[in-house]
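Biologist: Before I rely on any label in this model, I would like to hear how each one was reached. Could you take me through the reasoning?

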Amino acid sequence: MTHLGDDAHGPAPFQRAVSSLRTAEIRPEVELEDIPAPQRLAPYSAALGASVYRGDEELAMGRLIVLYDPEGQRGWEGPFRLVAYLRADMEPEITSDPLLGPVVWSWLTEALESHNARFAAASGTVTRAVSEGFGGKRDEPVSTELELRASWSPLEEDLSGHVSAWSDLMCLAAGMPPVQPGVATLPPRSDDGGHDGR
């Protein structure tokens, strides 16, 4: 995470917000990087990409986009908007649970609250996708995925708590147990081939 937000340009509030991305507390299973941000959603934007690893296996991936419009936009509460996406493989019996959508949405809101990341005007969708192989791919196992697309308006320029909440959400979607604040996580076993996470 060393270089996140180093190249932010634009008004001072946007620069401060993007700089705060570097101070987020991220679980060691999460690897973050700067990625190109969409240019048409707001006058100023920045974006992070993330992957959750167990050893060398990628369990979940996602994006977090920071949008800034000094004039605000319809549906926003203030000049900032965060847009989050995540995708994770899940067991078929989990994705078939009719309560999965409300549970995943609660993971997001509870993660934000646990990191004191104040927010407003949250909205989003939870999607379950089932992939089956046919023809030359008929022997491939059925795979099921979870996708979350969400957006919300942060109520402060410091976005570090929002990034921490998003990374926690990705770990939950990847099937990793939640970590209580102040409780250390065990490092990955040395035979995992472990990613160092950042």
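Modeller: What follows sets a few labels against their definitions, and I should say at once that the model is predicted.

Biologist: Why is Ser167 called buried?

Modeller: Buried means under 20% relative accessible area, and Ser167 has a relative accessible area of 0%, so the label applies. Ser167 lies in helix α4, which covers residues 160–173, and, leaving aside its neighbours within four places in sequence, it is in contact with Glu25, Ile26, Arg27 and Val30.

Biologist: How do you know that the span of helix α3 agrees with what is expected?

Modeller: The expected span is 1.5 Å times one less than the number of residues; for the 15 residues of α3 (residues 100–114) that gives 21 Å, and because the end C-alpha atoms are 21 Å apart, the two agree. Among the buried residues of α3 are Trp107 and Leu108, and just after this helix Asn116 takes a positive phi of about 55°. Helix α3 lies across β4, β5 and β6, running at about 140° to β5.

Biologist: What makes β4 and β6 a pair?

Modeller: Two strands pair if there are at least two bridges between them, and nine bridges join β4 (residues 80–90) to β6 (residues 143–154), so these antiparallel strands qualify as a pair. In β6, Leu148 is the bridge partner of Leu86.

Biologist: What makes β1 and β5 edge strands?

Modeller: The open sheet has six strands in the order β1-β2-β3-β4-β6-β5, with antiparallel pairing. Strands β1 (30–35) and β5 (119–131) each pair on one side only, and they are the edge strands.

Definitions and conventions. Residues are numbered from 1 along each chain as its sequence is written. This is a predicted model: local features need pLDDT of at least 70, side-chain atom pairs count only at pLDDT 80 or more; totals for chains, interfaces and linings use all residues. Side-chain values use heavy atoms; hydrogens and water are left out. Helices (H or I, at least four residues) and strands (E, at least two) are DSSP runs, numbered from the N terminus. Buried means under 20% relative accessible area, exposed over 50%, partly exposed in between (1.4 Å probe, protein chains only). Contact means heavy atoms within 4.5 Å. Axes are lines fitted to C-alpha atoms, for helices over the stretch in contact, and angles run from 0 to 180 degrees between N-to-C directions.
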